[in-house]
Structures are given as C-alpha cells and as structure tokens.
Amino acid sequence: MSYLLRRLVRAILLLLGVSALCFVFTEMAPGSFFDEMRLNPQISPETIAGLRAQYGLDQPLAVRYGRWMKSALHADLGYSIAYNAPVAPLLLSRAKNTLLLSGTALLLTWIISLPLGVWTASRRGGLLDKTVTLLTSFLVSVPELVIAVALLAVAVRSHLLRVGGMTSSDVESLSAFQRAQDIALHLALPVFILVLCETAVIVRHVRASVLEVLGTPFVQAARRYGVSRTRLLFRHVLPVAASPAISLLGFSLAGLLSGSLMVEVVCGWPGMGPLILEATLSRDLYLVVGGIMLSALFMIGGNLIADIMLFTVDPRIRKAAADAS
Amino acid sequence: MKVFARQTLLVCLFAGSCFAAAPAPDPAKPGEELFRLSDVSGHYGGHLTIGQRSEPKTLNPVTSTDAVSREVIGRLMGDLIEINRSSQQTEPALAKSWKISPDGRTFTLQLRKGIRFSDGHPFDAEDVVFSFTVYMDEAIDSPQRDLLIIDGKPIQVTKLDQYTVRFALPRPYAAAERLFDGLAMLPKHLLEKPYREGHFAQAWSLNTPSAGIAGLGPFRLKQYLPGQRIVLERNPYYWKVDRENQRLPYLDELVFFFVGTEDAQVMRFEAGETDVISRLSSENYNLLAREKSRDGSQLADMGPSLEYNFLLFNLNDLGGKKLDEVAGKQVWFRDLKFRQAISAAVDRESIVRLVYGTRGAPLWGNVGPGNKLWINQSIPHPPQSLETSRQLLKSAGYSWNSSGQLLDPAHKLVEFSIITSSSNTQRMKMATLLQDDLSHLGMQVHVVPLEFRALIDRVFQSFDYDAAVMGLGGGDADPNPEMNVWAATGTSHLWHLGETQPANNWERELDQLMQQQMVTLDYAKRKQLYDRAQGIIAENLPFIFLGTPNILAGASARVGNFHPAILDPYTLWNADELYVRGPATERAGTR
Amino acid sequence: MRAKTAFLLAALIGVHLILLFGGFFAPYDPTSQNRELPYAPPTRLHFRDGAGLHLRPFVYNWTTSVESDAPDTYKEDLSHSYPVRFFVTGASYKLLGVYESHLHLFGIRESGRIFLFGTDGYGRDEFSRVLFGGQISVAAGLTATFIALLAGSLLGIIAGYYGGLVDESLMAVTELFLSLPWLYFLLGVRAFLPLHLSTLRTFFLLAGVIGLIGWARPARLVRGIVLSSRNRNYVLAARGFGASDLYILRRHILPATFSVLLTQASLLVPRYIAAEVTLSFFGLGVNEPVPSWGNMLTTLQQYSVLTSYAWLLAPAAALVVTSVLYSALADVFHSQLESLTT
C-alpha cells in the first residue's frame, strides 16, 4: 500500500515537473502562433499584437504557467488558439481513436512477438530464425515514415483496404455490426504498419533473453533430467526471461497515446497524432501542453504496471522483496 | 463486397426518410433578384470529394487564419463583390450594382432583393452593416480589419435603405471594389448575440451544430466528424442561377476529407477516392500525368503563378543588437554591384528545370508572366553569366586568392549563410543550386534549413541571419496588397524592417510611386506608375528574384465545369458551377 | 560456425573500409552537380558490342529524349562508348580527412559519366554520395548509440543495484525524459547555436543530441535486468564472502546486462542513423550539399520519389545492409557470451 502511495506522490511530482518544463521549452523555441501572419503584407503588426494579447501570449512565462496551473486544477486545460475551443474535449475525442488504434496494435504485436521470439530462440539457426532476423533488420533500419508511405501507396493502389479516416461516408446507414466492420477495415492499414515496426524490436529482445536463459546451467540440467519442453518453457524459462520483455511492455503501454503519431498522420487516422503534430508545429501552446500531460499520464501508468509485473513475475525479484520486508 | 453493397442499398431504402437527403433547390420566389450566369450549364446531383492536408480549425470567417479553414468557409459564405478567378476582374455578387463617386471615395452598393441565408432568413443591409462592424471591431483583431483601414482611418459603412449601403473611404483607393472579395457577409440574426456578449471569437467553432451556421454561399454545413471529414450540402436558397435559370449549385454535397499529407492527397486522387486536387508539385503532376491516359482525369497546367521566390539579404539596422558578424557582412550586401553580381550568377534556367520540373518561369522582377495585367515587359532578362559577375565584383574591389576564393576589398574571405524553411523542399533546392552557382565565383555559401517559425523569428525579430530564400505574393494580381512590401515604412519591407523613412533615393522613389498608384483610379496611369516601380525594383535588387512555379491542378474525369485559376482558391472558386458528369446519380434516396 | 563468423567480420570490416576510404572508391566529388542529368537512372555496364565480347566493361552517356512532357526520360547515347578505367586520376579528396589525393578506383574519361547508382535531383552521382554519406552517418550513429548505452547502462545499473530511493528517483527522471516535448527543446538548441556548423561540429551535435535523448530506454531495460540478477544465489554467496559492491558489479551484474545491451545496440544503430531525418527538419542535421544517409533518406519520404526513382533507395539499402551486418555481429557476440557462461 505504501508502495502505491509513493508512486502516486511520484506521479504528481512528475506531472508538475513535465508541465513546468513544457512551458520552459516552449519559451525556448523561437517563434509563436501568429508568426505565419507576419508574412502576409495585408495584416498589420498591431493586429498581430492584439491577437497575442487576447490569448495572453505576451504575458511573462511565470504568469502564464500560474494561470494554466490554476485552471488545470479545475480540470480546465485552457483554450486552443487555432480551434478557439477548450483543449480537454478536443484531446479526449481524439484520444479515444488513438487508443483504439494503438490498443489493437499492442495486442496484436505481443500476440505475435512473444511466441515468435520464443520459437526462433528455441530453434536457433533454423530457416524461420534466419528469415525473421533478416526481416527485423530490414524493418528496424528503414525509417518508419518511409515504410508507412510505401505501405499506404500499396494499400491505396490495390483498393483492398479502406484508407483514410475511421469511417466511410455512408456510415450512418449501416447497422452496428457493419459499422464495426467498416471501422475494422479502416483500422487495418495503420495497425499493420504499427505492428510491423514494433514487432521487429520486441521479437529481437524476446529472442535474445530467451536464448540467454536457454543457455544457463539450470535449464540445461532440467533438460537432462527430462523435464518436458512446455513445462520447461512456462515454469522455468519464461519467468526468468521475462524482465526485458516486461520493461518493453511498459514502454508499449506508456506509448499508447504518443507512439502512433506519424502513422496516424500518414494514414489520416483521426487520432491525437495529426492534432498534436500540427499544434506543436504551430505553437498552439495549451493544446500541446494538454496533449503532453495526457501522454505523461499514460507513461506513468505504463511504467507502474511494468514495475508491478516485474515484481510479481520474476521470482528472483519477488524473493528479494519478500526477504527485505 | 456485393452482399455488402446490396445490404447497404436495402438499409438505405428503408432508412431513406431517417437520414436527410441533400435539399433540393428552392423554387424561385417572386421579387427574388437572382444572379444569372449566362455561360454556365450542367445538371444536378452527386457529390464531389476533396482531400485536405489538415483539418480546418474553425468556421468563423472573421477570426480564421489558416488556408484550410478558409477553403471550407469560402464555400459557405457570400461576398458583396467577387473577383472572377478566370478573368481576374470584379463582378457583382450580393451587390447587384454599385456607383463610385467622381472623387473615388464613396461607393454606393445596391443589394439584391429577396435573397435569403441558407436557413431561409432574409438578407438585407442590416446584415452588411453588422458584418463590417464586426470586421472593424478592434477588440476582435480580425486579420481582415487591416484591409478596411486606409491611411490609418477605417472605412465608414452606412445603411441608406433596406437594400442600399454606402462605403466612405478616407481617401481614394485604387481598385477598392477588390477589397470586398473574401469579406463574408454574416447573419446578424445568428451572430449578434455572441458579438454583444463579447465571445464572438468562440462562435462558429467546429462543434457548432449545423443549424447554428448560416451563410450566403452555395453550400451549408451538414456534418462534421472530428479528424475525419466535413460534409457540406447544397444551400437551397443560393442566389445564382445558370443559363437555364436553374438554381445553383448542381452538387448535392461537397465533402472535405482530411488526408494528412500532400503525398496522401496525391495517392487518394490517383486512386479515384478524391475528385479535385490543387497546388500540385511538378513531380506529383508528372506522376498523375502518366496515369492520365488510363483514367481520363483532367490535369491542368495553368501557367506561372503570382508568387515570387527570391534571395533576400539582411540590410536591417543592427545597432543595439550584438550581431557583429552579420554587420561585417552587410558591407558586402549593401553594395549594389555585389547584389548585381549575384543576380547575374544565378542559373534561373536550372531552377525552372530542376526545382519546378520545367513547370515554372524564371523571374527577374516581382511581377511574373502569370500576371498579364500588370507585368512590365521591358524589364531585361539577362541569362546567367559568370563573366558578368566577375567583372562586377572586380569593379567593386573584390579579388580572388590563389585557391580561387573570393576576397572582399578588405581581403576578407566572402562567406555567408542562406537560411530557408526546411518544410519547403522547393526553396531548399533553390538555395542548394544558388550555393553551387556562387561557389563558382569563389564565394563560400552555406545552406541552413530552419524550421518555419524559427526562420520567421530570425527574419522579423532577431535579424540574426545573412541571407534567406523566401517567397511572397500570390494573393491577388492587383499591386495594392503588396504595398507593405515596397513602401519604405511597410511591415513586410523584409530587407530593411522598421524604417521610419526611406533609406536611400531609390527607396524614396519606389515609395512615392507605390503611394501614388494606390490612389490613382485610372488603370493606364496606374500601370505606368507600377511599371516604373517594377523597373526600380529590378535595377536595385532589394530581392534577387529567382522563379515562380506554375499552378498545377487536377480533377477526376467525372468533374464538369472544371476551370482552375491562378488565384486562390484555385479549383473551388466556382464550386457552385461544378457538377458530376455521367447519366445517373450514385447515392440512393437523393431524388 | 567459425567460418561464418570470419566471413561476417570480413564483410563488416570491408564495408567500413569502403566507407572510410570513400573518396578512393567513389568516382566523383559528391557535391558536383550535373544539371542536365537530374534523376538519371544507373549507368548500364556493357561487355558486348558490335566488335564482340570485351573483358573491360564500357558505358554510354545518358541523353534526354525529345519528349517535353516528361523531362527526365533518358536513353543511351550510342555514338560514343567509354571504357571503364581503373586507378584513375579524378577529383581531389582528403584521405582520412588529412591527406589530399586524386586517385580513384575507377572512372572514365572526362566527357563521359558513370553513375553506378544513378543521379539525384541535381544530377549528383548517387554512388559517390552514398559512400561519402556513410562516413558521417555511420560514425554519428555508432557514437550516439555508444553514448546512449553508456549513460543508460550506468544509470540503469545504479538504479537497479541500489534500489530503493535511488531507483525511484532515477526512474522518475527517465519518465520525465520520455514525456518531454523534445521538439521545442531542439528548436531552442538550434536557435542558440550559430547558423553555420561545420560538418565536424554537426557530427558531435547529432551524436550528442541523440545520445542525450536516447539514454532513457536502455536505462529502464538494464535496471530490470539488474533488479533480477542482484539477488541471484552466487551474488549472495559472493557477498557472504565479503566481496565489495564494485567487485559484484563488475563480475556478476555487468555481464548479465550484456545480452540486453547487445540487442539494443543492434537495434539502435540503424535507428539513430535514421533519426537524422527528423533532426534535419529542425536544422540540426547535416546540411546540403554535404551528403549523409539521413538527409538522403529525407527525399525518400516523398511518394513521387519512391515510385519514380527507385535507384534513390540506395542509402536505404546501404543502411539495411549495415544493419543486417551489425545484428548478425551482435548475434555472434551473444553466442560467444553463452559459451562463456556455460
């Protein structure tokens, strides 16, 4: 219980720190929201100055942060300059879509990578192992953006999948089941890209740690004693090899909101990605800070879950904790 | 797939009454003064899809600042006087006629009678006065406010009777009627309350229900799905009719998809998922041209745009700022012969070929061949000549050392950086070509790409840069929107910002010419003045002009009346005239 | 196994040697433009002509076809053939950055051009650019990976070994690092730096920035490993024998982290090389006209380039090859480690 309490305090401190640094970093970056208007010869600097004053952009950093802090405590995350609408509803409506996308991708990634990593480790040097290693090398070296553009091109040209957005134009006329089908078809491409890129990383790690454990004396001894393969795997190998995998799972959970940004932009998926990217580039301050706060929450949650899992799954850590108390 | 389609059809037919079909055009009422377009014909039905690079941010015509939002807002709103993008001339719109007083300072506009907003509410002079009050309200800081301030004084708007409005300008302003294009007429019955209550800026955000928005444009808002698309449906009360007196628009619906990136735009267009695409780069245009024969899409190369790209040198006063290195280099930049030498060294032909894929035009002045009404044809167009550059540099006291590097009269190595926006690949390419050209003169030039707003900050605020490749223009063919670039005290006088008076003789003359042409009402006289101004600019090179891209647009085979133009909005300016070719309409339950 | 390892090492060393002596292997200066030949496809090597089979390959020049609509369709100009010569004199370059040399492995006579990997949008030889570009990219990627892994493992070990408050505060710092908007920080850094950075400075900047941001993940991974290995029986036994912390760290904990570190290294090197693409957007990458795999990959993000000019995928292919070699090497080290521990 005290552990959870400590984590809560840590989480609050972290959110405070992230929000403060956010403001500081934004101040560091040159330029502000209304800069694009300066290039327009028909808009006067007085208008730009007036707009800046309207949104409080000319106030000193501490004042802006203080105001934001006060309203944030009332769950009001400020206004987006571009949309002229409150930040929180904007973020939450998109966050739902992002979670749908990244949640599905997470599930599929782990369903594929765990068995694949274990299998290629246990049959090391085999054809599957070699193919997988080659493929993962390829996927890791090519930037995600290039992969996304290439797959998008294939998808669009082949007309197999629905590309762009989350629903088709005639979605109102469809039954609930057909609507789900429609969304699934739109989901397919971005999920595919995400799964492809993330599986490459996770398979490598799982394979490496399983290999390491397979080579330890106690496993080899167990083998010689005739312990069956599955029992060996589940009772002896996996719990010990789990540590890096759990940390990686923590990363996956932490990145549920932020990890799919580029894929969402390229595929036109209506999640937080396009919103935050544009807000960041155009210096839409409160929208950016709100988005980062939300992502930070997931980061904290993800790491917390990972830490709890680490303690419960790995018998050695559990034993140490038990011994200590 | 087939089962899926059949199911859809069945559900559609059953639910036909549940989800509203696009409204049919309202039959003409007596006393309604409609605008007949005598050369437009087509037939009703169908929808067109457009892919947008990002999402519109707001539907408020007074506060919107980004191009994507304006693309949608422009289809919902109507103006008093419109600039026909094809002819580039003004034509009557909501104002059926107007009279200008002999001194050019008073405009009396006659509004069309019997016109209604898209929600059926009548439109009259009250709405006009209200709209201008909002535009000119200082508390709102609308970007369009500055258009209505001439000589520091606002335009006076008075209602003379229910359908007559008078505009009084503080002084004559050439082509003043062009100001009205883009100033949307707002519905007083919907917006007066938020205005009086002081939260006008939050009005007509994207969450507004469609009943809360009404305009005089060809379409009205039907549906908005966050992050995905905006659907516009026909405005049944739209006041333009075609040749056969059928009320426009032909289209039932206009759908804007948010596709995310320019590449995605091209891909979706290629796949036939979107119908109209504009501002293509030459690479994408050529890509689509290869597919053209297969799918019959209409690709249009409209010729050079009104934009001009240039190399700009930092000639600002740096006193007070700790920018000694830049100040040291300004000695070179201020020398006219130095700038002339650089201009002679630019390989404009390669810029057009390599940057614009031959779909562009070289520039030696700020007005390009696309602006047929105002271009000064007698400005010289010398080809690249490194020999001329070397002569000019020699005569200015420059020399070369044994390694071929250029030394200034004080025997300092000539070295400087060119900054440009990292998100604009074309300008980056121009900078790279320039860098190579100038290296043949022995100059050490570095290309420094910066993030867009970081670039703006350096050019407008910190002045911490040597040279920049940028672009301006494209708004309108008329010289007046460019006043702030060429007037000495202008706020877009990029090479020397913050001047309180002209810095030298040619700036003084340029300033005078621009001020004069602004108040000269006769086109021929104005042209003479502006020609002379262009000559001064081309001789004194505050900007070294590089080139301009062509306007490239495309539409699928099914789009009728597709007439792209070189003025923004390039393809949708005649959205009310577009129609879907082919015998039948696709959507079940439409008619 | 041993033959395979030898072959692998030879291939890796070979690739690095080629990159190191890029100026020798490349026929042209990577910044020289041929403006009449933008986006030219790779030059075809011929061995047979009217006179029969030749041992020495020869090439023809590209000329543009007459169609004006598509400016870059090329066909071979058969009027003049250029035999490929070896050990020729050409453009000058600096061997290892110090010695000036004019010797190139192969080349052809002046009016001819040999583009093994075609040309880019300015008509620059892609083959030369890939070779020169690899120099800074691979070096920066390796250095950045080294920095990130060094910092990450150090902090991860400290956090995992000492546990308690140290662990919690260090992990809190990693969470902070992973949540922050680095975009703005990078923009701030760029604004603070002088406009023009020499290639060497850019190299350090790249390596430093990527390493600085990248240590958080390895730290968490290593910390997890250390948490589980610090209570193993032999560690407890060693403690019981009076071994110091440093001894335990060096002999027992550190080796346990090697597996994760190797895997991370093989994953991070290509990723960090590609990260330059993002950094170029902020002006923190290698600037034109100097080539680097990162800034060459930026052009690949355009759909029109991907579909029309396949030869521009060369830097991506080079990156993949390098990545495959490195991960195979990591695998070899893994198996060496295993045979050491068993």
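A residue is called buried if 20 or more other C-beta atoms lie within 10 Å of its own, exposed if 12 or fewer do, and partly exposed in between, with C-beta atoms placed from the backbone. The model is predicted: local features need pLDDT of at least 70, side-chain atom pairs count only at pLDDT 80 or more, and totals for chains, interfaces and linings use all residues. Residues are numbered from 1 along each chain as its sequence is written, while chains are lettered from A and ligands numbered from 1 in the order in which they are written.

**Exercise 1. Two residues with positive phi**

Task: Determine whether Asn84(A) is buried or exposed, and state how Gln88(B) is classified.

Solution.
Step 1. Asn84(A) is not a glycine, yet has a positive phi of about 55 degrees.
Step 2. Asn84(A) sits in the loop between strand E1 (79-80) and strand E2 (85-86) of chain A; helices (H or I, at least four residues) and strands (E, at least two) are DSSP runs numbered from the N terminus.
Step 3. Because 21 other C-beta atoms lie within 10 Å, Asn84(A) is buried.
Step 4. Gln88(B), also not a glycine, has a positive phi of about 65 degrees, and its place is the loop between strand E3 (81-83) and strand E4 (90-92) of chain B.
Step 5. Gln88(B) has 18 C-beta neighbours inside 10 Å and therefore counts as partly exposed.

**Exercise 2. The overall form of chain B**

Task: Explain why the radius of gyration of chain B agrees with that of a compact globule.

Solution.
Step 1. The radius is taken over C-alpha atoms, and the globule rule is 2.2 Å times the number of residues to the power 0.38.
Step 2. For 591 residues a compact globule would have a radius near 25 Å; chain B has 26 Å, so the values agree.
Step 3. The C-alpha trace of chain B spans about 85 × 60 × 40 Å along its principal axes.
Step 4. Of the 591 residues in chain B, 51% are buried.
Step 5. Among contacts in chain B with a separation of 6 or more, 70% join residues 24 or more positions apart; a contact requires C-beta atoms, placed from the backbone, within 7 Å.
Step 6. Chain B contains 15 helices and 26 strands.

**Exercise 3. A sheet in chain B**

Task: Describe the order of the four strands in the open sheet of chain B.

Solution.
Step 1. Strands of a sheet pair through backbone hydrogen bonds, either parallel or antiparallel. Two strands pair here if DSSP finds at least two bridges between them.
Step 2. The order is E5-E6-E10-E9 (chain B), with antiparallel pairing.
Step 3. Strand E5 (95-100) and strand E9 (156-161) of chain B are the edge strands, each pairing on one side only.
Step 4. From one strand to the next, the twist averages 20 degrees; angles run from 0 to 180 degrees between N-to-C directions, and axes are lines fitted to C-alpha atoms, for helices over the stretch in contact.
Step 5. Five bridges join E5(B) to strand E6 (residues 106-111) of chain B, and Ser97(B) stands opposite Gln110(B) in E6(B).
Step 6. Helix H3 (residues 125-136) of chain B lies across E6, E9 and strand E10 (164-168) of chain B, at about 170 degrees to E9(B).

**Exercise 4. Cis peptide bonds**

Task: Locate Pro569(B) and Pro289(C).

Solution.
Step 1. Asp568(B) and Pro569(B) are joined by a cis peptide bond with omega about -10 degrees. Pro569(B) is in the loop between strand E25 (559-560) and strand E26 (579-580) of chain B.
Step 2. Glu288(C) and Pro289(C) are joined by a cis peptide bond with omega about -5 degrees. Pro289(C) is in the loop between helix H9 (245-281) and helix H10 (293-299) of chain C.

Terms used: Contact = placed C-beta atoms within 7 Å.
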